Amino acid sequence: MESDVQVYHKWLQNHGETKNSKPPITIGRRWTFRSVVESLRKMELLKKIEDETGVKAGEHGMMNHYSKYLTEMVESLTEKEIEEATEMAVQWNKQGVPPEVQADIARRKSDDILLYVAKEMFKRAGMRLFMLSAWKNEKGKLMVSSHDYNDEIGKGESFSQTSDWQTMLPEWEAYARRQFVFCADDADDPVVKGGRKDNTYTLDMGDDGFPILPDHAEMDSDTRKAVVRAFLNWHYQDCSGKPKDPVPWKEVIPRQDELIPPPYLPHGLKIREPSRMNRHEATELLDFWYDRQQTGRDVVFEFYGWWSK
């Protein structure tokens with residue numbers, strides 16, 4: 001019996017969560033006049049917070065101000081505006097939200113929601129998922145995406161990185177066009193996201209000649225990994241003076257403490273080759289570096305040295 005318990009505990013360590021994961025969105029939530037106002041006037045709200053505090057959307061300090069400013073906005077509404085927002089909430093609860101709100105939710109939340117679904121289905125049913133999605137953005141553009149989180153769950157490998165999944169795309173795109181009433185000869189091709197195989201990303205350069213990290217809040221997992229790769233490759237090439245040499249990961253990983261100053265990595269993090277990172281590891285690195293960049297640190301990252309054969 002004791003050995004069975006040990007096996008069970010070992011299984012939990014490998015497959016369980018360190019803490020209860022919270023859904024990224026409350027499915028089936030009911031709209032209120034406050035949430036309607038928040039949804040329709042979000043850009044105005046974020047602009048006001050940035051103007052008065054200097055904190056931009058996607059930065060860590062935003063949530064310290066967001067609730068307060070939203071409350072102030074709601075409390076400043078006239079009776080007529082409250083009545084209109086309340087009527088709109090009733091309508092949204094009955095008929096669904098308008099297309100522009102759907103597009104905003106799809107853009108901001110889809111990756112987190114589907115990652116949550118994939119983790120829950122593996123945890124509860126031992127099921128692995130590879131998902132294709134299609135939606136219209138705010139400009140009416142058809143967006144087609146793949147969602148593969150298998151390398152982040154239960155020590156699995158990525159389906160999109162090991163299989164030619166794009167052979168499915170023509171059928172899926174044709175189906176999506178029919179469902180979203182796009183003409184077959186529409187001049188605009190769908191924007192296909194996800195399943196990156198080239199692992200490339202081009203970073204913008206600052207006036208000081210160093211790369212600028214983009215806001216990664218709405219990036220999918222593969223793009224986050226590509227940004228990490230591009231950022232580390234640039235700094236390695238800058239250190240070595242060899243602009244065409246990527247990071248030699250097999251040599252750098254066992255020599256991390258010798259080649260990378262600890263202050264330039266999150267505490268205790270052991271770096272891995274970016275394609276082998278999971279979403280959490282890539283996000284932890286980007287959060288750390290982006291915070292250093294936004295707080296004006298003189299050096300965001302650098303290598304001590306490079307590997308020479």
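User: What makes up the secondary structure of the protein chain?

Analyst: The protein chain holds twelve helices and five strands; helices (H or I, at least four residues) and strands (E, at least two) are DSSP runs, numbered from the N terminus. This is a predicted model, in which local features need pLDDT of at least 70 and side-chain atom pairs count only at pLDDT 80 or more, while totals for chains, interfaces and linings use all residues. Residues are numbered from 1 along each chain as its sequence is written, and side-chain values use heavy atoms, with hydrogens and water left out.

User: Why are α2 and α4 called roughly perpendicular?

Analyst: The axes of α2 (residues 33–40) and α4 (residues 63–75) cross at roughly 105° and come within 10 Å. Axes are lines fitted to C-alpha atoms, for helices over the stretch in contact, and angles run from 0 to 180 degrees between N-to-C directions. Angles under 35 degrees count as roughly parallel, over 145 as roughly antiparallel, 65 to 115 as roughly perpendicular and the rest as oblique. The two helices are therefore roughly perpendicular to each other.

User: Which residues of α2 and α4 meet?

Analyst: With contact meaning heavy atoms within 4.5 Å, Phe33, Arg34, Val37 and Glu38 in α2 meet Tyr66, Ser67, Leu70, Thr71, Met73 and Val74 in α4. The residues of this contact divide into six nonpolar, two polar and two charged. Here Ala, Val, Leu, Ile, Met, Phe, Trp, Tyr, Cys and Pro count as nonpolar, Asp, Glu, Lys and Arg as charged, and the others, Gly among them, as polar.

User: What makes lysine 47 and aspartate 51 a salt bridge?

Analyst: A salt bridge is a side-chain nitrogen of Lys or Arg within 4 Å of a carboxyl oxygen of Asp or Glu. The closest N and O atoms of lysine 47 and aspartate 51 are 2.8 Å apart, so the pair satisfies the 4 Å limit. Both residues lie in helix α3 (residues 42–53), four residues apart, about one turn of the helix. By this rule the count comes to 14 salt bridges.

User: Why is glutamate 120 called buried or exposed, and what of arginine 124?

Analyst: Buried means under 20% relative accessible area, exposed over 50%, and partly exposed in between (1.4 Å probe, protein chains only). Glutamate 120 has 9% relative accessibility and therefore counts as buried, whereas arginine 124, at 66%, counts as exposed. The two form a salt bridge, with closest N and O atoms 2.7 Å apart.

User: How do you know that glutamate 251 is partly exposed?

Analyst: Its relative accessible area is 27%, so glutamate 251 is partly exposed. Arginine 255, at 24%, is partly exposed too, and the side chains of glutamate 251 and arginine 255 meet in a salt bridge (3.2 Å, N to O).
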